[in-house]
Each structure stands twice: as structure tokens, then as C-alpha cells.
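Subject: Structure handover

Hello,

Here is the structure we spoke about handing over. Please look through it alongside the notes below.

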Amino acid sequence: MQFSPDFFEPPPLSPDLEWMLQSNQVNDSDLAVQLAQDYASRLQILALFVLGDEDWARRATAAALQHIVRQRSQFWGQVPLRIWVYTQAVSVLQRQMTLGWRLSRWMDRRKWKPPSRGKLSNLRLALLQLEPRLILAVSLVYGHEFPETEASQVLGLSEQEFLDTL
């Protein structure tokens, strides 16, 4: 998988996305298209880091976007938009981490031997060995460049609990 050099830059968000979430004048399909343009690729990378499987990540990303559209009435602008979107996505990801996923992850860890080459292979093995909450914390802070205070809000932890997780 190739990443563009500007992947880790904050997303070029549409100035209308916040208004679209709060407006009853925008239909769900238009909102879903805008959310997909602004967030889908980053949420899929987050899901891939957490779930470790491209199919699971695609399904989780689609479920997260659908969940965000369904929960649009809960967004009132009290928290920054990015934190709210990631909080909703993380809640969906945590529901995706079912017993079946945990079993497949455990089996994958036992079977998968990283080749001696490749930073991506070493990263995947390291992520497989982490606990799911730690994967989320690492991915948000280092992969998505969230400040630790915002990442703790996304995960629903106090700042101290978050720092203890890292």
C-alpha cells in the first residue's frame, strides 16, 4: 500500500461540513458524500491499523460513515468537528472488535512471520502485538497527528489515563 506524502497532513475539510451536519436542509446522501471526501481515507487507515485486515477496515469505515450520518443530530458544535467524527468512528471500531475478530487476530499473529525486509511488515507485527486501546492511542497521536488532549477526548479517557496508556 502506497501512502501519499501529504497523508499525515490534516484533511482539507470542506468549510460546509459542520453546517451540513447541523442542517436539516441537507439530505443524508449529500452529507455522506462530503464525509467520505473529507474523512473516508483517514478513517480507513485508522481501521486498518486497529483491525489489521483490509476487508474488516473497509466494512468498518463504511459502518462508521453510516453511523456518523445517523448520529448527525447529536453534533452541536460543542466539540471540534474532527474530534466528534473520530469519536463516532472509534465507537464503531470498538464494536467491530468482536470475539471473532479477536480470534482471527490471535490466529493471524501466530501464523504470520514478517519478512526480514519492509518497514510496513515490521509495523504490522508491532501493531498486532499491541492491545486494541493502545493501537487506537498510537494511531491517533502518531498517525493522525492528534494532540494528546484531543486524542484522550476521542477515546473518552482523562488526559492522565491516556498518557498512562501510551
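The notes below start with the overall picture and then go through helices, salt bridges and a few single residues.

Please keep in mind that this is a predicted model.

Overall picture

The protein has nine helices and zero strands, and read from the N terminus the order of elements is α-α-α-α-α-α-α-α-α. Of its 166 residues, 41% are buried. If you take contacts between residues at least 6 apart in sequence, 64% of them join residues at least 24 apart. The exposed area comes to about 9600 Å², and 52% of that is supplied by carbon and sulfur atoms.

Helices H2 and H3

Helix H2 covers residues 28–51, which makes 24 residues. A straight helix would reach 34 Å at 1.5 Å a residue, but the end C-alpha atoms of H2 are only 27 Å apart. Where does H2 bend? The bend is at Tyr39 and amounts to about 60 degrees. After H2 comes Gly52, with a positive phi near 75 degrees.

Helix H3, residues 54–70, behaves as a straight helix would in terms of its span: with 17 residues, the distance from its first C-alpha to its last is 24 Å, close to the 24 Å expected at 1.5 Å a residue. Which residues of H3 are buried? They are Ala57, Ala60, Thr61, Ala64, Leu65, His67, Ile68 and Val69. The cover over these buried residues includes helix H1 (17–22), H2 and helix H4 (81–96).

Salt bridges

Searching the whole structure gives four salt bridges. Three pairs are described here.

One is between Arg72 and Asp28, whose side chains meet at 2.7 Å, N to O. This pair links distant parts of the chain, with Arg72 in the loop between H3 and H4, Asp28 in helix H2, and the two positions 44 residues apart. The partners differ in burial class: Arg72 has a relative accessible area of 10% and is therefore buried, while Asp28, at 43%, is partly exposed.

Another is between Glu150 and Arg82, with an N to O distance of 3.0 Å. Glu150 belongs to helix H8 (residues 148–155) and Arg82 to helix H4, so this salt bridge ties together parts that are 68 residues apart in sequence. Why does Arg82 count as buried? Its relative accessibility is 17%, and the cut-off for buried is under 20%.

A further pair, Arg58 and Asp55, has its closest N and O atoms 2.4 Å apart. Both residues are in helix H3, and because they are three residues apart, about one helical turn separates them. In general, an α-helix has 3.6 residues a turn, so residues three or four places apart point the same way. Arg58 is partly exposed at a relative accessible area of 42%, and Asp55 is partly exposed at 40%.

Asp55 and Arg58 also belong, together with Glu54, to a network of salt bridges. Glu54 lies in helix H3 and is partly exposed, with a relative accessible area of 43%. Glu54 is ten residues from Gln44 in sequence, and their C-alpha atoms are 8.6 Å apart in space.

Single residues

Thr87 lies in helix H4. Is Thr87 buried or partly exposed? At 25% relative accessibility, Thr87 counts as partly exposed. Once neighbours within four places in sequence are left aside, the residues in contact with Thr87 are Gln153 and Val154. The C-alpha atom of Thr87 is also 6.7 Å from that of Leu155, although the two residues are 68 apart along the chain.

Glu145 may deserve a look when you check the backbone angles: its phi is positive, about 55 degrees, although this residue is not a glycine. Glu145 sits in the loop between helix H7 (132–143) and H8, and with a relative accessible area of 45% it is partly exposed.

Regards

Terms used
Residues are numbered from 1 along each chain as its sequence is written. This is a predicted model: local features need pLDDT of at least 70, side-chain atom pairs count only at pLDDT 80 or more; totals for chains, interfaces and linings use all residues. Side-chain values use heavy atoms; hydrogens and water are left out. Helices (H or I, at least four residues) and strands (E, at least two) are DSSP runs, numbered from the N terminus. The expected span of a helix is 1.5 Å times one less than its number of residues. The bend at a residue is the angle between axes fitted to the seven residues ending there and the seven starting there. Buried means under 20% relative accessible area, exposed over 50%, partly exposed in between (1.4 Å probe, protein chains only). Contact means heavy atoms within 4.5 Å. Accessible areas come from the Shrake-Rupley method with a 1.4 Å probe; for residues, only the protein chains shown count as cover.
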